[in-house]
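Biologist: Before we discuss the fold, could you put the model on the screen, so that each descriptive word can be set against its criterion?

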Amino acid sequence: MNIKRDISTNAISSFALSALFVLTLLSILLQHIPQKLSSAGDKLLEINAQEGVANAVTTVVVYFRGFDTLGEIAVLFIASFGIGLMLNFQVQNNQNKVKSNFMLQLGARLLFPIILLFGVYVMTYGHLSVGGGFQGGVIIASAVLLMLVSSNHFQLSHRIITLLETFAGVSYVLIGLIGLIVLDSFLGNFLPHSASQLGLLLSGGIVPIIYIIIGIKVGSEMSLIVQNMLQRSDND
Amino acid sequence: MIESILYYFNQTEVIKTIVTLGSMGLFFVGLFGLLSQRHIIKVFISIGIMEIAVFIFFIGLSFQRGLTAPMLGDAHTTFIQMNDPIPHAMILTAIVIGMAVLALGISFAIEYYKLTGKNRLDEMNEMKN
Amino acid sequence: MSSIYFIALPLLFGFATPILAKFGKNGIAYSSILLQVALFVLSLQLFVTMDRSIIEVIAIAPPLGIGFVVNSISLFFVMLFTFFILMASLYYLKLRKLNPYPNEAKFFILINMLLASTIGLVLSSDIFNIYVFFEIAGISAYILSAYRKTPKALEAGLKYLLTGAVASIFLVFAIALLYLHLGTLNLALISQGFTALDSDIKLLISLFLLIGFGLKVEIFPLNFWVTDIYEGSDAFTDALFSAVVVKAYLFVFFHLLYLFLPNKEFTLFLLYLGAVSMLIAEVIALRQNNLKRIFAYSSLGQVGLLFVAFSMQDVISISAGLYILLAHSLAKMVLFLSLASLFEHYKNEDISLLKEMNSPFLRNVIIISMLSLLGIPLLAGFVGKFLLLKTVAFYGLFGLLGLLILSALIESIYYFKIIGLLLIKKETKEQFHPSTLQKFVLLVLTLGVIFVGVAPFAISDFMATSASVMLDTQSYQNLLLGAN
């Protein structure tokens, strides 16, 4: 009886508190709906054509704000090996695991290369239409998740994934440093990026290269996170 | 009649008001969950909901009707009359960071549960005052 | 010599470590220390050769892009952080013999990421970039807290992560509102436009920034889990948190305060918030028995004092704050590093450790550091506190003065209790001596404490210049906006 009453006072007080907070917030926000300003994004759109990339969001993510993306890659990297650190376990034997349905296994094996191909496509064409490294990497990780869920014996080799990850991360920072040496600005665009090549696959200088590197890194790290959470890795 | 209702709802101001109301409602749900729930997974879910509410608020309010997506396509060959690309880039970064932190938090919670069998915040008092 | 190397090189090292670790553990440790020595030397070289503030451009020039502002206050912090992390890594070289961390390569990745992100926080001039660096520093700190994977450590990491995630939500909300209403992410442009906003939007954004930063900076109503975090983590990581991480967060908070609100609104509120925070922390510390917890409450008190010093927005009080910051970081490094050795050797974390421990070297350095934190003359802590109390009295804020003196008195009660326990005659005959490298590190830090106390005039010019640069919003704006 007493416990029931305690829970309900807690719930009521937090309901009241959060309602008060959000109502105050709403009263201020609804009065000040922001109008269209001439913001930094508009100025970036004007100089975007010089970079030769058809997708303005990609230029902003990779080039104009490439440092934030480098930081975000660092966060993902640290989180991925943090999860690997925390979830250390012995490789269990799979005897008492339920074998999945035949249709699931067959379907997953049919779909896996197709999803992988789609992920690579999204990654590579990120500078031409919607997509990019992050999106493609997550699609690849979802394909890996499908295989992990459907089959009890599938696992990615930890060694190869770490190799891919390291190669991608190191080359990202090295490209930035080369930009520093050649152009005196970190992550400067030092490969040819003429505006006449807008819309072609080989355009934009370092932008598609960096996005592919980001895609490799995000794909491998997310696959590793998924595998660790499913507790099926040979962590060495 | 229907035309005028649709026209009314298709204006930028009204869309922005609806987005504000909806995302703040979501924020309220997340905040209520954060303050009242004690199970650690529910707390993480509430934090995730709050983050998503902020992202929806930001993206929704940086939309301007009549302008198109900031990329070239068949009908657009130059970068004029386009929406702002910076909020999209910012939210992309923020989504990935938020997801990474939550995934790490869940792995902490899993490991803690394996070692002590506790998964409620008010029972987690390994350190007595 | 670009200041990007401070961030790019540790990141490169961190990314490459999983493969380099296959070549041997000692290689990672020594190359990490080599990298930190190189960065410290680079920071000294920048300090010596720099005669005016410079901007490092990343991809495109600010205000459209991101730039790093290198002026004397940024260099002060860069030198401080590289020095402290170098000292901590050197100390760790011998500490790992007694009780190594599992998976040591990952530990060095985290230390380097912490270095890169705290330096990035201090140098950056773009508010979203600052948020990304907050996240990098935060996530490294969460994993460092929970590294040992004991239930205590995991609980500390979990609580740290929860507070950090909630702080991030409020920070993103504030940045979103700033971008929606001002259209820019550059600090100089925001500071120009911020005063022109409507007052309730300004209040809302300031409130969100205060909540977001306040959770990280550990100020009064929002620091309920901080001492649990300090108690659950290793003493070694507590040294890094207390001396490096919190100082970086404090700098960012006050840097943004001076840029956004140059008209000294909220000053009185922040002053009393800091003083109340210090008083409450010192009062709670009286009843604690765990050594890490006692020093954690002492850190919270000093953070309150720093809040008071920086909130007054006066050049003398800011340079007093810089002195206090330097003294506090040096002293807390010494304290937590020696506690790390003592805990490993005696396996006791309670205050009764002080009675049973018998180590003359460690006892002496601990006593000197604690006297410095109290504010005894001829040691580093005295200069800052004296300047601060003088400035508070000059402005006529006698209530504040009373609160600060009361907190200092309460702090001295438990400090003298600890010093008394350290000085009684020990029964155990065998003495514990830390290794030579550890003695060297502790000696360097203690000599720093004594030097700053005895000869504060040696660095007073630099402190005054840094303080005035930190307060000077106009030249910051001119620097960033005139570069285009």
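Biologist: What share of the contacts in chain C with a separation of 6 or more comes from residues 24 or more positions apart?

Modeller: This is a predicted model, and in chain C residues 24 or more positions apart account for 80% of the contacts with a separation of 6 or more. The chain holds 20 helices and 2 strands.

Biologist: What makes chain C as compact as a globular protein of that length?

Modeller: The radius of gyration of chain C is 22 Å, and the globule rule gives 23 Å for 484 residues; the two values are close, so the chain is as compact as a globular protein of that length. Its C-alpha trace spans about 70 × 60 × 45 Å along the principal axes, and buried residues, those with 20 or more other C-beta atoms within 10 Å of their own, make up 60% of the 484 residues.

Biologist: Turning to chain A, why is α4(A) called roughly parallel to α8(A)?

Modeller: The axes of helix α4 (residues 66-86) of chain A and helix α8 (residues 207-229) of chain A come within 9 Å and cross at roughly 25°. Angles under 35 degrees count as roughly parallel, and therefore α4(A) is roughly parallel to α8(A). The crossing in which α4(A) passes α8(A) is left-handed.

Biologist: Which residues meet in the contact of α4(A) with α8(A)?

Modeller: From α4(A), the residues include Ile73(A), Leu76(A) and Phe77(A), and those they meet in α8(A) include Ile214(A), Val218(A) and Leu224(A). By class, the residues of this contact between α4(A) and α8(A) divide into 8 nonpolar, 4 polar and 2 charged.

Notes
Residues are numbered from 1 along each chain as its sequence is written. Chains are lettered from A and ligands numbered from 1 in the order in which they are written. This is a predicted model: local features need pLDDT of at least 70, side-chain atom pairs count only at pLDDT 80 or more; totals for chains, interfaces and linings use all residues. Helices (H or I, at least four residues) and strands (E, at least two) are DSSP runs, numbered from the N terminus. The radius of gyration is taken over C-alpha atoms; the globule rule is 2.2 Å times the number of residues to the power 0.38. A residue is buried if 20 or more other C-beta atoms lie within 10 Å of its own, exposed if 12 or fewer, and partly exposed in between; C-beta atoms are placed from the backbone. Two residues are in contact if their C-beta atoms, placed from the backbone, lie within 7 Å. Axes are lines fitted to C-alpha atoms, for helices over the stretch in contact, and angles run from 0 to 180 degrees between N-to-C directions. Angles under 35 degrees count as roughly parallel, over 145 as roughly antiparallel, 65 to 115 as roughly perpendicular and the rest as oblique. A crossing is left-handed if the near helix is turned anticlockwise from the far one by less than a right angle, and right-handed if clockwise. Ala, Val, Leu, Ile, Met, Phe, Trp, Tyr, Cys and Pro count as nonpolar, Asp, Glu, Lys and Arg as charged, and the others, Gly among them, as polar.
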